[in-house]
Amino acid sequence: MSPAAHLLDTPHHDGSIRYVSSPHPRRGDVVDLLVRVPHAAAVSSVHLRSTLDSEPKFTAAVTVEQTARDTWWRVPLRVHNPVMNYRFLLQGGRVGYQWLNGTGLHERDVPDAADFRMTTFPAPPAWSQEAIVYQVFPDRFARSAAADSRPLPNWAEAAAWDTPVAGRGRRAGRQFYGGDLDGIREHLDHIADLGATTIYLTPVFPARSNHRYDATTFDVVDPLLGGDEALQRLIAAAHERGLRVLGDITTNHTGVGHEWFRRAQADPDSEEREFYFFDGERYAAWLDVPSLPKLNYDSKELGRRLFDDPHGPIRRWLSGTDGFDGWRIDVANMTGRLGEQDHYAAVARRMRAAATAARADAFLVAEHCHDTSRDALGDGWHGVMNYAGFTRPLWTWLRHPEQAPDFLGLPVVVPRLGGRAVMETMREFGAQLPWATRTHSFNMAGSHDTTRVRSLVGADDAQVDVAAGLVMTMPGIPMITYGDEIGMLGAFGEDGRRPMPWGHPQTWDERIHAVYRRLIAARRAHPALSAGGLRWAYADDDVLVYLREHPEQTALVHLARLEHDVIRLPLAALPGAQAAQAAYGDPLEIDGDEVVLHADRPTVEVWTWPTNP
């Protein structure tokens with residue numbers, strides 16, 4: 001098979017500040033949009049197609065700059081609606097007619113679904129743009145000495161720190177290792193040394209399971225974790241180190257032991273009865289799990305208690321100097337939805353208003369495992385956990401050929417695909433989101449609910465480097481699950497929730513640990529990696545190459561899962577690359593008028609250079 005052609009002769013636009021003059025406009029603003037058109041594309045005119053009140057409008061673009069290789073076109077977009085769909089009509093090319101949208105270039109008509117999107121919603125908090133998130137499962141991260149004096153709850157099965165996890169079955173939620181918040185605080189230096197900037201804690205409220213997604217109250221922090229004061233100590237210590245802390249809350253359901261549900265079940269006339277879907281003695285449960293009764297947002301009082309009450313959970317735990325810096329919302333995609341009922345959008349907006357009222361720079365990220373096209377425009381959650389648009393395509397590229405991962409109940413084996421399919425998947429899912437939402441969504445190789453990356457790749461641990469490289473160099477917020485940085489194993493979610501082996505440093509993969517530290521350092525040091533656009537340069541079975549373009553800096557990223565044939569890119573298409581410095585990996589190889597990329601093993605390489613004006 002002959003090698004693929006490079007993609008640098010393709011016209012390009014994205015929602016980054018390299019191509020959009022104002023990424024967070026207000027209604028009525030005029031935003032200048034740029035389109036880079038290589039001369040090889042043979043384009044003679046560019047028109048913007050926008051939709052005002054759902055009616056198409058065409059605006060001619062003008063040329064503003066010509067280089068030896070590209071013509072830059074500029075066109076104004078008046079931001080008339082809260083969400084402005086737009087794409088570009090290019091005259092010229094092979095058939096004389098081309099559309100440029102979020103999925104690329106098309107020589108045919110295309111629907112609006114993959115249009116670029118400009119939104120007028122308030123920007124996410126500035127700190128989240130450069131966030132690198134470290135996920136902690138409190139029961140399994142670290143145990144302080146104080147945990148020894150706490151009584152074992154009646155639902156729990158005690159487990160010593162070295163005891164293997166139960167994995168699947170009823171015992172999986174009952175195994176209690178006793179990790180707590182002071183234990184996390186005692187190991188903040190590890191998180192800071194790694195380079196993470198934000199800690200994401202899975203739930204800390206009292207519950208009847210080790211995962212605590214079945215809360216029995218939102219009024220206190222679980223005493224088994226050390227209680228309210230332990231959370232305050234942890235957040236204060238994290239803030240002193242410059243670390244942010246995100247909490248985790250479920251607004252889709254409560255536990256069957258929640259004080260609201262117990263009152264509702266005991267008294268049919270109670271105010272809390274309307275918080276749930278009761279039909280006589282029966283009630284609707286999330287995914288028919290009896291221990292997780294579904295919340296009913298037809299109830300105005302439920303919304304008031306959750307979102308409007310300053311002492312309610314959303315506002316209370318964000319308030320004050322030692323409050324959370326934001327929330328991860330569990331099962332967000334199903335929140336407010338049951339049968340004909342759909343309060344999802346209203347719940348998301350109401351939670352955004354409540355969170356920012358309590359903390360002006362609060363950040364909200366939603367759990368969402370599927371198509372986010374209807375659910376993540378940026379007026380509610382700032383971003384999503386990008387399983388569909390990032391995690392799954394990463395898995396299809398890097399999963400071991402003979403070792404299929406467990407992906408959140410998928411009934412068939414996750415396929416192993418080539419780089420071109422991975423690129424196209426990321427393009428299609430990325431096109432569903434406004435740029436602000438995409439760049440504030442979590443990119444992760446896995447989480448506490450999935451196969452761990454070290455188990456995903458099988459015997460060749462160098463594949464972990466490639467996964468980490470993709471996490472750290474793509475648009476979005478990188479997220480690491482505790483233990484991934486030391487090569488912790490886990491075939492599926494519960495199996496991966498193993499205790500962090502603090503007492504057994506000989507089990508740590510220090511090579512992988514160093515890789516994560518270096519890649520995180522590169523991400524934090526280079527604005528192109530945290531705030532640049534995304535322009536694909538090359539994709540073939542075993543290799544992905546892309547550019548992150550920023551007004552100040554350009555980054556070229558080369559990722560290879562295996563050895564591949566030599567790739568030659570035209571140097572003229574990479575203006576400024578002669579001055580490239582290695583941000584990760586070996587120096588950039590230039591041979592005459594070509595940039596040369598090669599790999600004889602799994603490889604991560606990143607080079608940066610100042611962007612030419």
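A search of the whole structure, which is a predicted model, identified five cavities of 30 Å³ or more. Rolling a probe the size of a water molecule over the atoms reveals where empty space remains. The largest cavity holds about 480 Å³ of space. Its lining comprises 33 residues, and those nearest the centre of the cavity are His13, Asp14, Gly15, Phe116 and Trp435. Both strands and helices contribute to this lining: β7 (97–101), β8 (104–106), β9 (116–119), α10 (419–431), α11 (435–438) and β24 (535–540) each give two or more residues. The largest share belongs to β9, which supplies four residues. When the lining of the largest cavity is divided by class, 16 residues are nonpolar, eleven are polar and six are charged.

The second largest cavity has a volume of about 100 Å³. Its walls are formed by Asn386, Gly389, Phe390, Met426, Phe429, Gly430, Leu433, Arg438, Asn443, Met474 and Pro475. Two helices, α9 (387–398) and α10, each provide at least two of the residues that line this second cavity. Helix α10 gives the most, with three residues. Helix α10 is also among the elements that give two or more residues to the lining of the largest cavity. By class, the lining of the second largest cavity consists of six nonpolar residues, four polar residues and one charged residue.

Pockets, which are open, were also examined. The volume of the largest pocket is about 1,300 Å³. A total of 44 residues line this pocket, and His211, Trp286, Leu292, Glu494 and Arg497 are the ones that lie nearest its centre. The lining of the largest pocket contains 15 nonpolar, 17 polar and twelve charged residues.

Attention then turned to the sheets. Strands of a sheet pair through backbone hydrogen bonds, in either a parallel or an antiparallel manner. One open sheet is built from three strands in the order β1-β5-β4, and its pairing is antiparallel. Strands β1 (30–38) and β4 (62–66) are the edge strands of this sheet, each pairing on one side only. From one strand to the next, the twist averages 30 degrees. Strand β4 and strand β5 (residues 70–78) run antiparallel and are joined by four bridges. Within this pairing, Glu65 stands opposite Trp72 of β5.

Another open sheet of three strands has the order β27-β30-β29, again with antiparallel pairing. The edges are occupied by β27 (564–570) and β29 (589–591); each has a single partner strand, so one side of each is left without a neighbour in the sheet. Neighbouring strands of this sheet are turned against each other by 35 degrees on average, with direction ignored. Three bridges connect β29 with strand β30 (residues 594–599) in the antiparallel sense. Ile590 has Val595 as its bridge partner in β30.

The arrangement of one pair of helices was also determined. Two packed helices are described by the angle between their axes and by the distance between the axes. For helix α13 (residues 462–473) and helix α15 (residues 510–525), the axes come within 10 Å and cross at roughly 20 degrees. Angles under 35 degrees count as roughly parallel, and α13 and α15 are therefore roughly parallel to each other. The crossing of these two helices, α13 and α15, is right-handed.

Key
Residues are numbered from 1 along each chain as its sequence is written. This is a predicted model: local features need pLDDT of at least 70, side-chain atom pairs count only at pLDDT 80 or more; totals for chains, interfaces and linings use all residues. Side-chain values use heavy atoms; hydrogens and water are left out. On a 1 Å grid over the protein atoms alone, a cavity is a set of points where a 1.4 Å probe fits but cannot get out, and a pocket is an open set with protein on both sides within 12 Å along at least five of seven lines; lining residues have an atom within 4 Å of a point. Grid points are joined across faces, edges and corners, and a volume is the space filled by probe spheres set on the points. Ala, Val, Leu, Ile, Met, Phe, Trp, Tyr, Cys and Pro count as nonpolar, Asp, Glu, Lys and Arg as charged, and the others, Gly among them, as polar. Two strands pair if DSSP finds at least two bridges between them. Axes are lines fitted to C-alpha atoms, for helices over the stretch in contact, and angles run from 0 to 180 degrees between N-to-C directions. Angles under 35 degrees count as roughly parallel, over 145 as roughly antiparallel, 65 to 115 as roughly perpendicular and the rest as oblique. A crossing is left-handed if the near helix is turned anticlockwise from the far one by less than a right angle, and right-handed if clockwise.
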